[in-house]
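Welcome! Let's take a walk through a protein model together, one spot after another. Keep the structure open and follow along as each place is named.

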Amino acid sequence: HEEIPQMGFTSDADFPAIYAEKGIARLRFTIPRSEDDRIATAKAGSAVNMVPSSIKIELRDRSSENFDGVTAHGSRPDLGINAINVAVDSLLDAGHEDSFLSFYNKYFAESDGKALGLAFEDESGNTTVNAGLLNITDERAELVVDLRYPVSFDFDTALEELKDSLDKEGISLIVQDHMDPLYLPKDSPLISTLMDVYNEGTGTEGRAVAIGGGTYARSIPNICAYGPAFPGDEDVAHQADEWISVEKLMAATCIYRNAFRKLATED
């Protein structure tokens, strides 16, 4: 209902200024089941943007197995251990045959998206793929994946090619959610001003960065993420008992105050 601001920032990430955020897509794969499949049911994950820390699998012979992993944010799957990967590797090593196991082993053995035809890299980083949610029943296996792709990647073309390839295997793919990448040139008035304020306040010579996470900066044009976490701070985002020290909070407040003042006086 109000006038759109000319520029601004959101305290929804890290310092220094974030000039680029990867595109984010949530992809749902549906794989039909066969009577010969060894898995009866399986369930893993609580959020698509988190690496699943556990999975429970029931086999056709009524035996059940639990597998554990290590959770991490979906934008950095390399920092965790996906429990689905652990389970698939273990069941395949044990000689179990299952259409989902074959599908997953073919396309998700690695988290770079190469097997899906989605691997790409530019100044904003490389493609990451996190298998976040899994639900297997008698009728179907549904896998929901968190995809983060670089800002210059031709996502639409790559997605159509992947769909065509999967259709031939009888696998359905739909996009549940999609956010385009965010990109502001490093020499833009907003980014350069915020970097000047940050470097003056901290006595450093930091440079604007690109991230794989998604922030509220995408809600309004010409907005970027800016703090409040500082380089070297423990990564507690989305973790239990998320916290910030009073000292760091006050330091961020000083930087924000100076940023507001400088942005307000820019031509």
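Let's start in a loop: Arg62 sits in the stretch that connects strand 6 and strand 7 (64–68). The model you are looking at is predicted. Arg62 has a positive phi of about 75 degrees, although it is not a glycine. Is Arg62 buried or exposed? Arg62 is exposed, with a relative accessible area of 68%.

Another residue with a positive phi is Asn222, where the angle is about 60 degrees, and Asn222 is not a glycine either. Look for Asn222 in the loop between strand 14 (209–211) and strand 15 (223–226). Asn222 is partly exposed, and its relative accessible area is 30%.

Now turn to the peptide bonds. A cis peptide bond links Phe15 to Pro16, with an omega of about -5 degrees. Pro16 belongs to the loop between strand 2 (13–14) and strand 3 (17–21). A cis peptide bond also joins Gly227 and Pro228, and here omega is about 5 degrees. Pro228 lies in strand 16, which covers residues 228–229.

Next, find helix 2 (99–107). At its N-terminal end, Asp98 acts as a cap: a side-chain oxygen of Asp98 lies 2.8 Å from the backbone nitrogen of Phe100. Which residues of helix 2 are buried? They are Phe100, Leu101, Phe103, Tyr104 and Tyr107. These residues lie on the same side of helix 2, because they cover an arc of only 165 degrees around the axis. A general rule helps here: an α-helix has 3.6 residues a turn, so residues three or four places apart point the same way. What do the buried residues of helix 2 pack against? Their partners are strand 4 (23–32), strand 5, helix 1, strand 10, strand 11 (140–149) and helix 3 (155–167).

Some of these elements come up again at the cavity. The structure holds one cavity of 30 Å³ or more. The volume of the largest cavity is about 50 Å³. Its lining includes Phe100 and Leu101, both of which are buried residues of helix 2. Also in the lining are Ile39, Ala42, Ile55, Ile57, Ile84, Ala87, Val88, Leu91, Leu134 and Ile136. The elements that give two or more residues to this lining are strand 5 (39–44), strand 6 (54–59), helix 1 (83–93), helix 2 (99–107) and strand 10 (128–136). Which element gives the largest share? Helix 1 does, with four residues. Sorted by class, the lining has 12 nonpolar residues, no polar ones and no charged ones.

Our last stop is Asn130, a residue of strand 10. Asn130 is buried, and its relative accessible area is 1%. What does the side chain of Asn130 reach? The side chain reaches the backbone oxygen of Val48 at 3.0 Å. A polar atom of the Asn130 side chain also lies 3.1 Å from the backbone oxygen of Met50. Beyond residues up to four places away in sequence, Asn130 touches a list of others, among them Val48, Asn49, Met50, Val51 and Pro52. The list also includes Gly74, Pro77 and Asn82, as well as Val144, Val145 and Asp146.

To look back over the walk, compare two of the stops: Arg62 is exposed, whereas Asn130 is buried.

Terms used
Residues are numbered from 1 along each chain as its sequence is written. This is a predicted model: local features need pLDDT of at least 70, side-chain atom pairs count only at pLDDT 80 or more; totals for chains, interfaces and linings use all residues. Side-chain values use heavy atoms; hydrogens and water are left out. On a 1 Å grid over the protein atoms alone, a cavity is a set of points where a 1.4 Å probe fits but cannot get out, and a pocket is an open set with protein on both sides within 12 Å along at least five of seven lines; lining residues have an atom within 4 Å of a point. Grid points are joined across faces, edges and corners, and a volume is the space filled by probe spheres set on the points. Ala, Val, Leu, Ile, Met, Phe, Trp, Tyr, Cys and Pro count as nonpolar, Asp, Glu, Lys and Arg as charged, and the others, Gly among them, as polar. Buried means under 20% relative accessible area, exposed over 50%, partly exposed in between (1.4 Å probe, protein chains only). A polar contact is a pair of N or O atoms within 3.5 Å; within protein, one must be able to donate a hydrogen and the other to accept it, and residues adjacent in sequence count only if both atoms are side-chain atoms. Contact means heavy atoms within 4.5 Å. The arc is that of the directions from the helix axis to the C-beta atoms.
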